[in-house]
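Thanks, everyone. I have one structure to show today, and I will keep to what can be read off the coordinates.

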Amino acid sequence: MLGVEETPADTPADGYLQQLATRLGVADTYHRTPVGVWFGKPGERVADPYFGGEGPDKVGCTHCGSCMVGCRVGAKNTLDRNYLYLAEKRGAEVHPDTQVTDLEPLPGGGWRVTTAKPGAWSRATARSRTLTAERVVLSAGVLGTVKLLLRLRDQGRLPNLSDRLGDVVRTNSEAIVGASGPTVRPELTRGVAITSSIHPDESTHIEPCRYPPGSNAMGLLTTVLVDGGGRVPRQVRFLGAIVRHPVRFLRSLSVHRWSERSMILLVMQSRDNSIALRRHPRLGTLVTRPGHGEPNPTYLPVANDAAREVADLLGGQAWGAWNETLLGAPTTAHILGGCPIGADPEAGVIDAYQRVYGYEGLSVADGSAVSANLGVNPSLTITAMTERAMSLWPNHGEVDPRPPLGAPYERLDRVPPRTPAVPVGAPAALRPA
Ligand SMILES: Cc1cc2nc3c(=O)[nH]c(=O)nc-3n(C[C@H](O)[C@H](O)[C@H](O)COP(=O)(O)OP(=O)(O)OC[C@H]3O[C@@H](n4cnc5c(N)ncnc54)[C@H](O)[C@@H]3O)c2cc1C
Ligand code: SF4
């Protein structure tokens with residue numbers, strides 16, 4: 001469904017990553033990234049290559065580096081070009097710009113779902129509506145699903161939700177560091193957002209990420225790199241670095257052509273650390289506290305070492321994130337968990353079929369069901385878990401093979417869909433086995 005292929009060629013940034021791998025003694029771990037992009041011939045439009053003509057046209061990736069700010073040509077396999085597109089073609093109704101604000105179980109079964117226009121300033125402009133549904137699948141991501149469920153539980157609207165709601169939230173044990181050189185190198189922006197990987201040790205994974213020319217705002221999040229740990233607070237070290245190298249610090253404030261001078265290193269780990277999400281009792285905002293496992297790292301030595309090596313390769317300066325340096329709060333693009341799967345409501349929020357304990361007809365299918373630090377970008381895992389959970393649902397009107405909610409887990413065969421998921425015209429490699 002996501003049309004995953006390995007990136008077809010090494011980019012200049014991959015060359016630097018290979019040199020970094022050699023310096024770290026792990027040259028043999030270098031590999032190209034599998035990504036959900038149609039490569040084909042750059043810029044060439046082809047009739048739907050994936051879904052036997054039922055899907056939209058594709059245009060071959062132009063390697064412009066814009067994936068994270070939006071693919072302009074239609075090469076990136078986003079959900080609106082596969083799942084949502086196909087669902088809509090088969091009769092599903094998509095309600096864009098619609099935020100779920102309330103869920104209420106109905107006495108005879110089913111749900112009342114209240115929605116509003118997201119970001120509305122007043123009730124008058126919120127265009128509040130209610131819909132009814134036999135079943136509801138929450139797919140609002142960790143910060144949507146967990147936030148909504150925590151509010152509904154804490155307000156007593158869904159009181160049966162498990163006490164484990166908001167537990168085992170993972171940051172992918174992540175750090176975002178990098179280096180910027182004095183010279184503009186437009187070639188650093190060539191390629192899809194992430195093109196390759198190295199593994200400096202058994203739990204650490206580093207990827208070079210990129211933004212296109214003109215997308216420099218990310219540079220505002222960065223500042224001179226200082227290490228954490230030890231007796232001297234990191235903030236004090238940061239001040240020391242500014243006093244010792246004021247010109248270097250002032251230069252770091254400039255984001256002029258930042259994306260063409262910089263290499264971003266996304267560092268992820270599969271270590272067992274986590275945070276917990278809770279709702280602030282008065283403000284109603286999400287707050288975090290330490291969670292299960294090791295304390296969440298606020299500084300990854302291996303990440304800082306890698307950034308310094310890349311700075312040396314670019315003849316520039318290594319950087320880290322302001323929030324990590326000043327607040328000890330790491331950045332993550334990969335927040336996961338909060339609705340852990342468990343054998344019962346004491347152990348988890350959802351069962352192994354991703355149904356919410358305590359409420360018939362309510363499921364979760366998004367990153368909040370992933371309760372591990374994957375050490376890798378999570379979209380494919382979220383998709384695979386969702387595919388699995390949905391493959392065990394009955395077709396409409398047929399008997400549900402899953403045991404009743406709360407009964408012990410049973411291993412089941414997938415339910416063949418009444419209409420084939422992928423039409424016969426799709427390339428053999430893309431058809432489900
Ligand atoms: C900058 C960036 C780059 C990334 N790059 C990669 C990458 O290269 N590879 C990779 O595998 N992963 C990547 N990720 C991570 C990946 O995007 C997420 O892990 C993944 O999208 C999470 O999927 P999800 O279904 O849990 O939630 P989301 O994809 O976040 O989807 C949740 C949706 O629900 C909507 N929503 C929220 N609340 C409500 C509500 N109350 N009512 C209705 N709708 C609601 C949101 O607007 C959103 O559209 C990246 C993330 C970021 C931020
Ligand atoms: S690099 Fe990314 S944004 Fe650019 S064409 Fe390829 S998929 Fe689209």
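I will go through a helix pair, the two ligand sites, two backbone angles and two strand residues. Keep in mind throughout that this is a predicted model.

Start with the helix pair. Helix α1 covers residues 12-23 and helix α7 covers residues 301-314; their axes come within 10 Å of each other and cross at roughly 125°. The pair is therefore classed as oblique. As for hand, the crossing of α1 and α7 is right-handed.

Which residues make that contact? On the α1 side they are Tyr16, Gln19, Leu20 and Arg23, and on the α7 side Ala306, Glu309, Val310 and Leu313. By class, the α1 and α7 contact holds five nonpolar residues, one polar and two charged.

Now the ligands. Ligand 1 is surrounded by 18 residues, and the closest of these are Gly141, Gly144, Gly367, Asn377 and Ser379. Three elements give two or more residues each to this shell: strand β6 at 99-105, helix α3 at 142-154 and helix α9 at 379-391. The class count for the ligand 1 shell is nine nonpolar, eight polar and one charged.

Ligand 2 has 13 residues around it. Those that come nearest are Cys61, Cys64, Ser66, Cys67 and Cys71. Here the shell divides into eight nonpolar, four polar and one charged. If you are setting the two sites side by side, each shell has one charged residue.

Next, the backbone. As background, most residues other than glycine have a negative phi. Where does this model depart from that? One case is Val168, with a positive phi of about 50°. Val168 sits in strand β10, residues 167-170. Is Val168 buried or exposed? Val168 has 27 other C-beta atoms within 10 Å, so it counts as buried.

Asn172 is another case, with phi near 65°, again positive and again not a glycine. Its place is the loop between β10 and β11, the latter being residues 175-180. Asn172 has 26 C-beta neighbours inside 10 Å and is buried for that reason. In short, these two positive-phi residues are both in buried positions.

Last, two strand residues, with their surroundings. Val224 belongs to strand β14, which runs over residues 222-224. How many C-beta atoms lie around Val224? There are 19 others within 10 Å, and because the cut-off for buried is 20 or more, Val224 is classed as partly exposed. Setting aside residues up to four places away in sequence, Val224 touches Ala241, Arg248, Phe249, Ser252, Gln317 and Trp319. For scale, Val224 and Thr386 are 162 residues apart in sequence, and their C-alpha atoms are 40 Å apart in space.

Arg45 is in strand β4, residues 45-46. Arg45 has 12 C-beta neighbours inside 10 Å, and since 12 or fewer counts as exposed, that is its class. Apart from neighbours within four places in sequence, Arg45 is in contact with Asp57 and Val59. From Arg45 to Lys117 there are 72 residues in sequence and 35 Å in space, C-alpha to C-alpha.

That is the list. I can go back to any of these on the screen.

How values were computed: Residues numbered from 1 in each chain as written. Chains lettered and ligands numbered in written order. Predicted model: local features only at pLDDT ≥ 70, side-chain atom pairs only at ≥ 80, totals over all residues. Axes fitted to C-alpha atoms, helices over the stretch in contact; angles between N-to-C directions. Helix = DSSP H or I, 4+ residues; strand = E, 2+ residues; numbered from the N terminus. Parallel < 35°, antiparallel > 145°, perpendicular 65-115°, else oblique. Left-handed = near helix turned anticlockwise from the far one by under 90°. Contact = placed C-beta atoms within 7 Å. Nonpolar A, V, L, I, M, F, W, Y, C, P; charged D, E, K, R; others polar. Near = placed C-beta within 6 Å.
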